[in-house]
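Reader: I am new to this structure and would like to go through parts of it step by step. Please show it to me before I ask.

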Amino acid sequence: MHAVPGSAMNRLWPVLAYLAVLVLGRSALALAPDEIVLITNSAVPQSIELARLYAAQRGIPDGHIIELSLPTTEEMGMEHFDAGVVMPIRQYLTVNGMREKTRCLVTFYGVPLHLMPRKNSAQDSEELRRIQEELTKTMTRMDNCVTSLERAVVARDATFKPKTGNDLGSIEQRADEAMSQINVLSPTLEPETRRALTSQAWAALGLLGGSADTLRREQAGESPETATVPADSPEAAARLDAREQLQAQVAAATREMPELRARRMDSAAREKLRRNTEAWMGLLELARLLHWQIDYLEPDAQTALDSELPLLWYDQYTHKGMLPSPLAYQNRSLNTGTQTLMVMRLDAPQAGQVREMIMGSKMAQRKGLTGRVVIDSRGLNPRTAKPADQGYAPYDEKLRRLADLVRAKTKLSLVHDDGPETLGPGAVRDVALYCGWYRLRNYVASCTFVPGAVAFHVASYEMVSLRNPGEKGWCRGLLNDGVAATLGAVDEPTLGAFPDPEAFFGVLMTGRLTLAETYWLTNPLVSWKMVMIGDPLYRPFAARPALRVEDLPPKIREILEPPAEPAN
């Protein structure tokens, strides 16, 4: 496992000029049964049977089970994900009026775990080649346009020093600076010179921003021709008619674009979107779209299906690695403009174990989860750790902070091992909560778990498979030993992909939130490798809270109990 996430963690979500940004308020808490939709595989009868059992036990309304036709293996190709998973779920939720209400999707036994890297058809590969070629030509056209504008400015102001750079961001910046300088120069120029320079700038704006941007500027009275043509002249009337026709064309194209973006798996839709964007939105928006379509069609590393599903309603987002989750407490200021869903999984090596998880979680919630807390840290000190361990020491500190929280603020029985080795076989009995590390894909049955136990081991590749009898990962091992909830990675996740254990277990012990809300509040990433298994509505400490909200770290406490609004 890598200690520090790559630079992809810091990427911002793409901002698309033609998308309206919806302002999202604070997400509602207290997940309800009618906000959950169950996702099953119609090719696996136990998948549907388990979903029906869960719906009956948890009061999930009728019509909240979706049956998809999926592979019966634990893997499916990314090239089939949109057509086989995303679009059928979208259509079902939309047709049945459930889009706005649905907050959580639950994948069941039989639904694949992995999304394997995309494998392009010959047609897709040829399209990718054409898009890459078109992007090169588009970037050259934009660079030439801006360079010509910069030269026109320099010819009239020798002190103007154009910036360099021919990437998309640099070209946009250069265009803005040239336009700004033209605004500064205009009042000082002779009328004929001013008209020529302004006309050139207007033409450049039309090429870069397209007809939609040109219309917007005309409506704002920015056109250089607005003041030169009498309002009652035949020429003005003809221009008005032409503008109205153009507005109708732009409006029609704009209305069609959301559907085209949604059909991203369709090569014909991708092609039409490129042509509409070029015709009406200009070269800058076309370049953004081409970049995204290249990203979409290029093979990428495998991800977890359950980590991609939260982005069900996102039409265009980067597929190149991890993205920050807007649901996580540390990303609460991130506004993507689109709803992000919680996704949980009810799965295990055997279908019968899923049944036991469902029934065991419900029983443990009713009685209140009791048992020992086991924390297995490694004794790494950030100040004294070896260079090879420096990236791991901060997470070890988090485990010790969790131990301190349990010891100081709860009455739970704590077993904390801070030695370098993991606990040995059969070390602790009657365990309700477990968190430890680091034994890579080599499960050790160190604990005997009570019904309803929640446990996870911090290591890479621990959920590569649940069904393979030879799999030694911790997720399969913990589920075989009776835990009701666990989490892990289907591939190398980096250490930053795991929830902060103090935050995850701290919130869980208050009994305030369901397991789904607890995980997604503390899970930092989406479109990545992590999967959470367990009943989304499970609240193990609802009947007997082990921790008070005021004992949690401030950032978490503020979400569970926001400060009161100041009195008027």
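Reader: Where is the place of R118?

Author: This is a predicted model. In it, R118 belongs to no helix or strand of its own but to a connecting stretch, the loop between β5 and α3.

Reader: Does R118 count as buried or exposed?

Author: The relative accessibility of R118 is 9%. The cut-off for buried is under 20%. R118 therefore counts as buried.

Reader: Which side chain does a polar contact join to that of R118?

Author: The contact runs between two side chains and has a length of 2.4 Å. The partner of R118 in it is N120.

Reader: What is the order of the strands in the open sheet?

Author: The sheet has 3 strands, and its pairing is mixed. Its edge strands are β3 (75-77) and β6 (303-304), each of which pairs on one side only. The order is β3-β5-β6.

Reader: Which residue in β6 is the bridge partner of H114?

Author: Strand β5 covers residues 114-116. Between β5 and β6, which run antiparallel, there are 2 bridges. The bridge partner of H114 in β6 is A304.

Reader: Why is α3 oblique to α7?

Author: Helix α3 (residues 122-156) packs against helix α7 (residues 267-297) with the axes 9 Å apart. Angles of 65 to 115 degrees count as roughly perpendicular and those over 145 as roughly antiparallel, so an angle outside these ranges and not under 35 degrees is oblique. α3 is oblique to α7 because their angle is about 140°.

Reader: How do the residues of the contact of α3 with α7 divide?

Author: The contact belongs to a left-handed crossing of α3 past α7. Its residues are grouped as nonpolar, polar and charged. The counts are 12 nonpolar, 6 polar and 8 charged.

Definitions and conventions:
Residues numbered from 1 in each chain as written. Predicted model: local features only at pLDDT ≥ 70, side-chain atom pairs only at ≥ 80, totals over all residues. Heavy atoms only, no water. Pairing = 2+ DSSP bridges. Helix = DSSP H or I, 4+ residues; strand = E, 2+ residues; numbered from the N terminus. Axes fitted to C-alpha atoms, helices over the stretch in contact; angles between N-to-C directions. Left-handed = near helix turned anticlockwise from the far one by under 90°. Nonpolar A, V, L, I, M, F, W, Y, C, P; charged D, E, K, R; others polar. Buried < 20%, exposed > 50% of the residue type's maximum accessible area, 1.4 Å probe, protein only. Polar contact = N/O pair within 3.5 Å; in protein donor to acceptor, adjacent residues only side chain to side chain.
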